[in-house]
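Got a few minutes to argue about labels and cut-offs? Let's put the structure up and ask how each label is earned.

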Amino acid sequence: MFWFEGSLSPRGRGPGRRGRLRASLTAMSVALLASYFVLVLLQVFFRYVLNESLFWAEELVRGAMLWGIMLSSALVAASRGHIRVEVLELMLPPAGRKVVIWAANVLTLAFSLTLLWAGIQFIDRTWMQQSPVLDVPKWTVYLAIPVGAALESLLMILTWNHDVASDEYTDRTL
């Protein structure tokens, strides 16, 4: 079990800070997914049944999708669930697997930090822009990129030495 998957507080009274972080990110991701699912259904209903249009819903769905994807990517990275080719891992002895996992962690962290920097620059370039329909600052939507990248970097660092059992994540049907 990962450090953020609901470990108990030191006094044994419910989930500690670690479990709350994962639960909070999961709850936000699920809420965003549910909200844009409902908005898309409403768009279809209004357009094809009522012959009207929710002109603002499409822009809101795009923003919610960006936030949902970036928050969820941090959870996926912490559980080492991003897409990877496992053939090399399977062919190596345990010491070799550790080297490959370490290299993958370094590359993932480097990508996350690069995305964090690029996201900050992107916000700086769009600071004065407003969205055309909702008339909200565009940086509020694009803030998802550096926030998600920072969370992904943080969770990668905090789960760095977590010993991932290869049997747990490997598809043995290969």
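What follows is a short round of questions and answers on this predicted model.

Q: How do you know which parts of the model and which atoms count here?
A: This is a predicted model, so local features need pLDDT of at least 70 and side-chain atom pairs count only at pLDDT 80 or more, while totals for chains, interfaces and linings use all residues. Residues are numbered from 1 along each chain as its sequence is written, and side-chain values use heavy atoms, with hydrogens and water left out.

Q: What makes up the secondary structure of the protein?
A: Seven helices and zero strands. Those labels are DSSP runs numbered from the N terminus: H or I over at least four residues for a helix, E over at least two for a strand.

Q: How do you know that the span of helix α6 agrees with what it should be?
A: The expected span is 1.5 Å times one less than the number of residues. Helix α6 (residues 144–158) has 15 residues, so it should span 21 Å, and its end C-alpha atoms are indeed 21 Å apart. Helix α2 also fits: its 22 residues reach 32 Å, close to the 32 Å expected.

Q: Why is S131 called buried?
A: Buried means under 20% relative accessible area, exposed means over 50%, and partly exposed is in between (1.4 Å probe, protein chains only). S131 has 8%, so it is buried. S131 is found in the loop between α4 (94–125) and α5 (138–142). Across the protein, buried residues make up 28% of the 174 residues.

Q: What makes E58 and R62 a salt bridge?
A: The rule asks for a side-chain nitrogen of Lys or Arg within 4 Å of a carboxyl oxygen of Asp or Glu. Here the closest N and O atoms are 2.8 Å apart, which passes. The two are four residues apart in helix α2, so about one helical turn separates them. E58 has 39% relative accessibility, so it counts as partly exposed, and R62, with 48%, counts as partly exposed too. A search of the whole structure finds one salt bridge.

Q: Why does E59 have no salt bridge?
A: The cut-off is 4 Å, and the nearest side chain of opposite charge, R62, is 4.4 Å away from the buried E59. For charge, Lys and Arg count as positive and Asp and Glu as negative, with His and the chain ends not counted.

Q: What makes the approach of E59 to S131 a polar contact?
A: A polar contact is a pair of N or O atoms within 3.5 Å; within protein, one must be able to donate a hydrogen and the other to accept it, and residues adjacent in sequence count only if both atoms are side-chain atoms. The side chains of E59 and S131 meet at 2.8 Å. The E59 side chain also reaches the backbone nitrogen of V133 at 3.3 Å.

Q: Why is Y48 called exposed?
A: Its relative accessible area is 68%, so it is exposed. Y48 is found in helix α1 (residues 17–48) and belongs to a nonpolar surface patch of about 590 Å² with V40, V44, F45, V49 and L50. Patches take residues with over 30% relative accessible area and no salt bridge, joining like charges within 9 Å and nonpolar side chains (Val, Leu, Ile, Met, Phe, Trp, Tyr) within 5 Å. Areas come from the Shrake-Rupley method with a 1.4 Å probe; for residues, only the protein chains shown count as cover.
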